[in-house]
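Here is a short note for a colleague opening this entry for the first time. Please keep the structure in view while reading the points.

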Amino acid sequence: MNDLLLLMTAGIAFLITVALFPVVIPFLRRLKFGQEIREEGPSSHQKKSGTPTMGGVMVLFAVAITTLLFLPFILGDGIGRKTALLLIVLLGYGLIGFLDDYIKVALKRNLGLTSKQKMLMQLVIAAVVYIILLTGDFSTTISIPATDLSVDLGAGYGILLLLMLVGGSNAVNLTDGLDGLLAGTASIAFGAFAILAWTVTGDVETALFSISIVGALLGFLVFNAHPAKVFMGDTGSLALGAAIAMIAIILKMELLLVIVGGVFVLETLSVIIQVASFKLTGKRVFRMSPLHHHYELKGWSEWKVVTAFWIAGLLFAALGLSMEVMAG
């Protein structure tokens with residue numbers, strides 16, 4: 001296969017996204033689908049109140065169109081089982097996020113779905129995906145990065161899958177807090193898995209699906225870079241987190257997700273540490289969590305924080321790629 005297919009797929013998703021947003025953003029403004037900024041967040045964010053949200057809908061739309069219409073044409077065949085599973089996860093978790101966003105911005109209920117409602121829906125989709133996997137020739141063995149060791153989890157793999165999809169979804173959701181932060185870090189992580197799928201496993205389906213997300217995210221970044229004209233919303237962040245976890249599952253690089261998605265892991269850990277510390281000692285470790293807000297409150301500009309996290313994302317991706325090459 002020609003490497004130009006990767007560029008072509010990313011380019012198609014990018015162009016779809018860039019073409020749609022100039023139409024969609026004014027439409028969202030007319031519907032008054034503006035983001036409500038939490039009072040407990042950094043005070044500098046209050047000026048962002050009213051910025052259109054739910055931009056993740058267009059990201060998912062671009063990926064779905066690229067996958068369903070263009071990939072079969074590029075590959076000369078219909079979409080395969082892997083792509084279908086990836087779409088189920090992407091759009092399923094995207095629907096959860098859409099419901100949450102819609103309740104917040106359209107029905108003007110600040111909390112959206114309750115945490116229990118979101119968790120239940122996330123678990124149901126993860127369980128359905130696991131059942132689908134069991135009907136095929138799927139291995140429950142996981143590999144240890146940078147080694148030739150592997151462990152067969154047996155039935156325990158189902159628990160790992162649930163943790164990955166739900167955990168990945170929520171970890172990426174936590175990262176979506178600054179202009180361009182999630183779009184940039186997620187582009188890097190999905191790009192790393194696209195390279196791994198293309199060069200290491202030879203999984204063309206998963207590689208093209210991954211790179212289509214990169215293209216859509218870069219198109220979104222055109223309008224989401226500081227100062228953002230549109231926000232991702234839970235529609236996009238919940239879907240992207242589950243999708244990258246599913247990609248790691250399909251590629252049998254489950255543990256490598258922790259490395260490649262290192263930024264998302266750190267963001268999640270900062271929240272866990274903050275909550276645990278406050279409950280146990282009454283003291284906070286960070287000025288605010290997730291971690292990106294801590295640096296904001298230390299006096300870093302928003303762009304400086306985002307750039308630093310992008311660089312961290314690149315370093316984590318490079319580490320993940322090198323570990324997989326070592327194992328190979």
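1. Start with Leu15. This is a predicted model, and Leu15 sits in helix α1. Is Leu15 buried or exposed? Its relative accessibility is 57%, over the 50% cut-off, so Leu15 counts as exposed. Along the sequence, Leu15 and Gly219 are 204 residues apart. In space, their C-alpha atoms are 7.0 Å apart.

2. Now take α1 as a whole. The helix has 27 residues. From first C-alpha to last, α1 reaches 40 Å. That is close to the 39 Å expected at 1.5 Å a residue. There is a kink, though. Where does it lie? The kink is at Phe21, shortly before the proline Pro22, and amounts to about 40°.

3. Look next at what α1 hides. Its buried residues are Leu5, Leu6, Thr9, Ala10, Ile12, Ala13, Ile16, Thr17, Phe21, Val24, Ile25 and Leu28. Phe21, the site of the kink, is thus listed among the buried residues. What covers them? The cover includes α2, α6 (181-201) and α7.

4. The partnership of α1 with α7 deserves its own point. How do the two helices pack? Their axes are 7 Å apart, at an angle of about 35°. The crossing of α1 over α7 is right-handed. On the α1 side, the contact residues include Leu5, Leu6, Ala13, Phe14, Val18 and Ile25. Phe21 and Pro22 from the kink also take part in this contact. On the α7 side, the contact residues include Ala207, Leu208, Ile211, Gly215, Phe220 and Phe223. Gly219, already met as a spatial neighbour in point 1 at 7.0 Å from Leu15, belongs to the α7 side too. By class, the contact of α1 with α7 has 17 nonpolar, five polar and no charged residues.

5. Check the backbone after α1. The helix is followed by Lys32, which has a positive phi near 60°. Further on, Met54 has a positive phi near 70° and is not a glycine. Met54 is in the loop between α1 (4-30) and α2 (56-75). Is Met54 buried or exposed? Its relative accessible area is 5%, under the 20% cut-off, so Met54 is buried.

6. Lys252 is another non-glycine residue with a positive phi, near 60°. Its place is the loop between α8 and α9 (256-260). The relative accessible area of Lys252 is 23%, between the 20% and 50% cut-offs, so Lys252 is partly exposed. Why flag such residues? Most residues other than glycine have a negative phi, and most peptide bonds are trans.

7. The peptide bonds need a look as well. Which residues does a cis bond join? One such bond joins His226 and Pro227, with omega about -5°. Pro227 is in the loop between α7 (204-224) and α8 (233-250). Another cis bond joins Ser289 and Pro290, with omega about 0°. Pro290 is in the loop between α10 (262-281) and α11 (291-297).

8. Last, a residue in another helix. Met119 lies in α4 (residues 115-134). Its relative accessible area is 35%, and Met119 is partly exposed. Met119 and Gly94 are 25 residues apart along the chain. Their C-alpha atoms are separated by 14 Å.

Notes: Residues are numbered from 1 along each chain as its sequence is written. This is a predicted model: local features need pLDDT of at least 70, side-chain atom pairs count only at pLDDT 80 or more; totals for chains, interfaces and linings use all residues. Side-chain values use heavy atoms; hydrogens and water are left out. Helices (H or I, at least four residues) and strands (E, at least two) are DSSP runs, numbered from the N terminus. Buried means under 20% relative accessible area, exposed over 50%, partly exposed in between (1.4 Å probe, protein chains only). Axes are lines fitted to C-alpha atoms, for helices over the stretch in contact, and angles run from 0 to 180 degrees between N-to-C directions. A crossing is left-handed if the near helix is turned anticlockwise from the far one by less than a right angle, and right-handed if clockwise. Contact means heavy atoms within 4.5 Å. Ala, Val, Leu, Ile, Met, Phe, Trp, Tyr, Cys and Pro count as nonpolar, Asp, Glu, Lys and Arg as charged, and the others, Gly among them, as polar. The expected span of a helix is 1.5 Å times one less than its number of residues. The bend at a residue is the angle between axes fitted to the seven residues ending there and the seven starting there.
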